[in-house]
Amino acid sequence: MTHATTGWHVPEDDLRAYARGDLEPPALWSADTHLTACAACRAVLAGAFDPVALDAGWERLDAELDAPRPGLLESLLVRLGFADHTARLLAATPALRRSWLGAVLAVLLLTAAVAADRGGAGSPTLFLALAPLLPLAGVALSYGPGPDPTYEMAVVAPLHGFRLLMIRTVAVLVAALGLNGLATLTLPGYGLRALAWLLPALALTATALALTARLGPVLAPSLVGGGWVVLLLVAHAARAEDADAPLAPFTAAGQGASAAVAALAAGLLVLLRDRFDVDRSRDV
């Protein structure tokens, strides 16, 4: 169907499909946009449209026009140069929500208060044991069909799976490590010993990400977190009679091992990066 007065118009076959609700994108989007400005096509459509279906079509169009404005974080990311779809996927990360971050901060401060109550004696073992698990949990919540409510949107977004994972991981790590750092400031009596959580945190997170390519975004961090707890229990059992001596992961040798594990896991993650796109394609 064409009209000389206004140029291109929606073909009649497309209008009939639109009336039945059978018109598929991108032709659907084109028809929606054209109908807002073309009285001639609306008149043709009115003759082919059931009134109930017509109301439903306009409600869909109104919903698009009245879509909620981007939140503060999303707007900030767009201003920083992120693409709209990237900013939306990043802002929707569950582990960046205020409720999650507030809970993490509360747990950290409570644990730090318990350690500080010892007056600087020995090592803040409980704090050092817990702090590496929180970034790991945050990353586990940032990717995958189970924990991520926007996963379907992420699957069809113009992003490689590995890139999306890295964008969210960096954002979560910055937030989680920042909160860990704030909690560490409440332990001045321990000096640099209070920072012994940093390398284990990076090692656990990198290992979980590398295993995610094979085991999935839930099982991988669960196994890594469980392995960390078992390691601490073994180290505690093997510790000498000095109850205030640091556990093996928080000694100089343990810190070196954590750095090595983090580096190896990061290298493995890069080698397996294409698997994230393969896994996402199965969900489409």
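Here's a quick briefing on one pocket, one helix pair and one alanine. The model is predicted, so treat what follows as a read of computed coordinates. The pocket in question is the second largest, with a volume of about 230 Å³. The helix pair is α9 and α13, which run roughly antiparallel to each other.

**The second largest pocket**
- Its lining is made up of 14 residues.
- L204, W228, L231, S258 and V261 are the lining residues that lie nearest the pocket centre.
- Three helices each supply at least two lining residues: α12 (198-215), α13 (219-238) and α14 (252-271).
- By residue type, the lining has ten nonpolar and four polar residues, and no charged ones.

**How α9 packs on α13**
- Helix α9 covers residues 133-140, and its axis comes within 10 Å of the α13 axis.
- The two axes cross at roughly 170°, and because angles over 145 degrees count as roughly antiparallel, that's the label this pair gets.
- On the α9 side, the contact uses L133, L136 and A140; on the α13 side, P221, V224, G225 and W228 meet them.
- That contact splits into six nonpolar residues, one polar and no charged.
- W228 turns up twice: it's in the contact with α9 and also among the residues nearest the centre of the second largest pocket.

**Around A175**
- A175 sits in helix α11, which spans residues 161-184.
- Leaving out residues up to four places away in sequence, A175 touches L96 and L101.
- G138 is 37 residues from A175 in sequence, with a C-alpha to C-alpha distance of 9.3 Å.

Technical notes:
Residues are numbered from 1 along each chain as its sequence is written. This is a predicted model: local features need pLDDT of at least 70, side-chain atom pairs count only at pLDDT 80 or more; totals for chains, interfaces and linings use all residues. Side-chain values use heavy atoms; hydrogens and water are left out. On a 1 Å grid over the protein atoms alone, a cavity is a set of points where a 1.4 Å probe fits but cannot get out, and a pocket is an open set with protein on both sides within 12 Å along at least five of seven lines; lining residues have an atom within 4 Å of a point. Grid points are joined across faces, edges and corners, and a volume is the space filled by probe spheres set on the points. Helices (H or I, at least four residues) and strands (E, at least two) are DSSP runs, numbered from the N terminus. Ala, Val, Leu, Ile, Met, Phe, Trp, Tyr, Cys and Pro count as nonpolar, Asp, Glu, Lys and Arg as charged, and the others, Gly among them, as polar. Contact means heavy atoms within 4.5 Å. Axes are lines fitted to C-alpha atoms, for helices over the stretch in contact, and angles run from 0 to 180 degrees between N-to-C directions. Angles under 35 degrees count as roughly parallel, over 145 as roughly antiparallel, 65 to 115 as roughly perpendicular and the rest as oblique.
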